[in-house]
Amino acid sequence: MALRTRFSTPADAVDAVRSGETVEWAGSDDDGSGMRHRVLAADDGTAVVEQAVFLGGRQESTILCAWHETPEQERPGLEKRILGALDDLHTAVRTVLEEDIRTFRSDGSDGYTAPVPEAFCEAPELHGAGIPLFGWRVLHRLTAGTTWEDTVDPATWNSSLAIGGWSGDFDHIDAVRLEGFAELLHRHGVPVVLCALCGDPITSRHPRWPGVWTGPRGDGPLCEEAGTDSAAPTPQHGWYTDSRFGFPHRPRA
């Protein structure tokens with residue numbers, strides 16, 4: 001984590017925040033979703049390190065398309081339903097991550113229990129697709145003796161790999177696979193549409209292609225990905241920009 005190379009202790013980072021500096025690190029694990037660590041200081045004297053993991057890959061594109069499918073006046077309710085679905089997704093992932101860490105650490109008897117992160121959303125990425133960023137976060141309360149190691153929960157960190165869904169190592173968890181994730185969102189009333197040809201999430205209400213079924217990525221000759229501008233800014237936490245929509249798809253019946 002890059003913060004520890006700048007500040008020897010979290011307390012040093014808090015001092016920097018109170019002097020007006022923004023203290024955060026953003027990055028990703030190999031083939032994982034975006035992560036962020038940042039130091040937050042409140043007026044009452046308390047301070048925390050936020051450990052956050054953001055949606056990535058096809059899960060992010062699924063939310064992106066569902067957002068476009070929803071009329072603007074209904075999006076506040078959609079946001080709440082998405083957060084509810086993300087809580088269920090992380091519940092399914094967390095028990096697997098806990099067991100993996102217990103097995104890795106010793107004989108499984110150390111009783112490690114992962115904290116329960118909060119599903120949250122925040123303002124859209126500056127160069128992103130115009131929808132809120134969704135993810136999970138744990139707030140690590142800082143005291144005088146807190147070390148940087150105390151502010152990194154391994155299960156929360158490893159969830160970036162599980163939720164990113166690129167490696168396939170967690171495909172045995174139904175909610176991680178695209179089909180299972182779509183079903184989970186449907187149960188929460190999130191309007192997900194998958195392509196009958198390539199299986200990708202799609203929308204017919206993108207403002208640049210109204211009435212045409214399209215998605216931010218594509219597979220196969222019938223759903224080719226549109227050429228993107230190589231000079232387009234890259235989002236810091238998300239993966240997709242608004243330019244990642246192109247050739248038409250066909251919705252499932």
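**Salt bridges, a cavity and helix packing in a predicted model**

Glutamate 50 and arginine 137 form a salt bridge, with 3.4 Å between the closest N and O atoms. The pair links distant parts of the chain, since glutamate 50 belongs to strand 3 (residues 47–54) and arginine 137 to strand 5, 87 residues apart. The model in which this contact appears is a predicted one. Glutamate 50 counts as buried, at 0% relative accessibility, whereas arginine 137 is partly exposed, with a relative accessible area of 22%.

Arginine 137 also meets a second acidic partner, glutamate 118, and the N to O distance of that salt bridge is 3.1 Å. Glutamate 118 lies in strand 4 (residues 118–122) and arginine 137 in strand 5, so this bridge ties together parts of the chain that are 19 residues apart in sequence. The accessibility of glutamate 118 is 39%, which puts this residue in the partly exposed class. Which residues are joined into one network by salt bridges that share partners? The network consists of Arg36, Arg38, Glu50, Glu118, Glu122 and Arg137.

It is helpful to set these pairs against the whole structure, which holds twelve salt bridges. Another of them brings together the side chains of glutamate 149 and arginine 4, at 3.0 Å from N to O. Glutamate 149 sits in the loop between strand 5 and helix 5 (154–164), and arginine 4 in helix 1 (residues 3–6), so the pair ties together parts that are 145 residues apart in sequence. Glutamate 149 is exposed, with a relative accessible area of 52%, while arginine 4 is partly exposed at 34%.

Arginine 94 offers a contrasting case. Side chains of opposite charge can pair when their charged atoms come close. Arginine 94, however, is buried and has no salt bridge. The nearest side chain of opposite charge belongs to glutamate 98, 4.9 Å away, and a salt bridge requires the nitrogen and oxygen to be within 4 Å. Arginine 94 is part of helix 4 (residues 75–105). Beyond residues up to four places away in sequence, arginine 94 touches Ala114, Pro115, Val116 and Pro117.

Turning to the overall fold, the protein chain has six helices and five strands. Read from the N terminus, these elements follow the order α-α-β-β-β-α-α-β-β-α-α. The chain has 253 residues, and 46% of them count as buried. Among contacts between residues at least 6 apart in sequence, 64% join residues at least 24 apart.

Strand 3, already met through glutamate 50, also contains valine 48. Is valine 48 buried or exposed? Valine 48 is buried, with a relative accessible area of 17%, a value that falls under the 20% limit for that class. Setting aside neighbours within four places in sequence, the contacts of valine 48 are Arg38, Val39, Leu40, Leu139, His140, Arg141 and Leu142. One of these, Arg38, is also a member of the salt-bridge network described above. In space, the C-alpha atoms of valine 48 and threonine 151 are 8.7 Å apart, although 103 residues separate the two in sequence.

Helix 6 (residues 178–187) has its own set of buried residues, namely Leu178, Gly180, Phe181, Ala182, Leu184 and Leu185. Which helices do these residues pack against? Their packing partners are helix 3 and helix 4. Helix 4 is also the element that holds arginine 94. Just after helix 6, glycine 189 adopts a positive phi of about 80°.

Finally, the interior was examined for enclosed space. The count of cavities of 30 Å³ or more comes to one, and the largest cavity contains about 120 Å³ of space. Its lining is made up of 15 residues, and those nearest the centre are Glu60, Ile131, Pro132, Leu133 and Phe134. Helix 3 (57–69) and strand 5 (133–141) are the elements that give two or more residues to the lining. Helix 3 gives the most, with three residues. What is the make-up of this lining by class? Eleven of the lining residues are nonpolar, two are polar and two are charged. Both elements recur from earlier paragraphs: helix 3 as a packing partner for the buried residues of helix 6, and strand 5 as the element that holds arginine 137.

Notes. Residues numbered from 1 in each chain as written. Predicted model: local features only at pLDDT ≥ 70, side-chain atom pairs only at ≥ 80, totals over all residues. Heavy atoms only, no water. 1 Å grid on protein atoms, 1.4 Å probe; cavity = no way out; pocket = protein on both sides within 12 Å on 5 of 7 lines; lining within 4 Å. Points joined across faces, edges and corners; volume = space filled by probe spheres on them. Helix = DSSP H or I, 4+ residues; strand = E, 2+ residues; numbered from the N terminus. Nonpolar A, V, L, I, M, F, W, Y, C, P; charged D, E, K, R; others polar. Buried < 20%, exposed > 50% of the residue type's maximum accessible area, 1.4 Å probe, protein only. Lys, Arg positive; Asp, Glu negative; His and termini not counted. Contact = heavy atoms within 4.5 Å.
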